[in-house]
Amino acid sequence: MALRTIREYGDDVLEKKCKTVKEITPRIKELVQDMLETMYNANGVGLAAPQVGILKRIVVIDVSPEADQPLVMINPEILETDGEQTGYEGCLSLPGKSGVVTRPNYVKAKATDLDGTEYIIEGEELLARAICHELDHLDGHMYVEKVEGELVNNEDLVEDSEEE
Ligand code: ZN
């Protein structure tokens, strides 16, 4: 396993549409392990392959408090959404910043796991937000396109919440 370099906002690779994974090869498995390691190392809750410069439809997510429940989504597709949530969102490709984004509060998606098995996942709140955010990356979209108002520095965000 190895850490991969996280591409930052402005890098062309983050604006491209990713290709479907046709076969789960040892190289794909290695990429997924590296993506998990890179995500955990950066204290993120999600990472998409284009964020490490690979234009393939792969995302990893872990929204568990202990960061011990990795979710691997290969060729993911959203099947259903419901409700709405509005809150701050950040991205490992835009470190130190956050912005308010409205997302569905419930998402049902299908994806393939590392064994090549297709599965269905349902998520609410943070998981629903993470799935939407990461899947947007696969089509070359960043959350900044959806931000309501200004991007803020995370330090200011902490101060704001302390004042409330
Ligand atoms: Zn992101």
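Let me start at the metal, where the protein donors of the zinc ion are C91 through SG, H133 through NE2 and H137 through NE2, lying 2.0 to 2.2 Å from the ion. A donor here is an N, O or S atom within 2.8 Å of the metal (3.2 Å for Na, K and Ca), and water is not among the atoms, so a site may look incomplete. Along the sequence these donor residues follow the spacing C-x41-H-x3-H. The pair C91 and H137 links distant parts of the chain, since C91 sits in the loop between strand 4 and strand 5 while H137 belongs to helix 2, 46 residues apart.

Before going on, I should say that this is a predicted model, in which local features need pLDDT of at least 70 and side-chain atom pairs count only at pLDDT 80 or more, while totals for chains, interfaces and linings use all residues. Residues are numbered from 1 along each chain as its sequence is written, and side-chain values use heavy atoms, with hydrogens and water left out.

Are C91 and H137 buried or exposed? C91 is buried, with a relative accessible area of 8%, and H137 is also counted as buried, at 1%. By buried I mean under 20% relative accessible area, by exposed over 50%, and by partly exposed anything in between, with a 1.4 Å probe and protein chains only.

Now the fold as a whole. The protein has 3 helices and 8 strands, and read along the sequence they follow the pattern α-β-β-β-β-β-β-β-α-β-α. Helices (H or I, at least four residues) and strands (E, at least two) are DSSP runs, numbered from the N terminus. The radius of gyration is 15 Å, close to the 15 Å that the globule rule gives for 164 residues, so the protein is as compact as a globular protein of that length. That radius is taken over C-alpha atoms, and the globule rule is 2.2 Å times the number of residues to the power 0.38. Of the 164 residues, 45% count as buried.

Next, the pockets. About 360 Å³ of space lies in the largest pocket, which is lined by 21 residues, with V45, E89, G90, C91 and L92 lying nearest its centre. C91, then, is one of the zinc donors and also one of the residues nearest the centre of this pocket. A pocket is an open set of points on a 1 Å grid over the protein atoms alone, where a 1.4 Å probe fits, with protein on both sides within 12 Å along at least five of seven lines, and lining residues have an atom within 4 Å of a point. The volume is the space filled by probe spheres set on the points, which are joined across faces, edges and corners. Which element gives the most to this lining? Helix 2 does, with 5 residues.

The second largest pocket holds about 180 Å³ of space, and among its lining residues are R4, R27, E30 and K56.

I will finish with two backbone angles. Most residues other than glycine have a negative phi. N43, however, has a positive phi near 60°; N43 is found in the loop between helix 1 (26-41) and strand 1 (46-48), and is exposed at 72% relative accessibility. E125 likewise has a positive phi, of about 50°, but E125 is found in helix 2, and counts as exposed at 51%.
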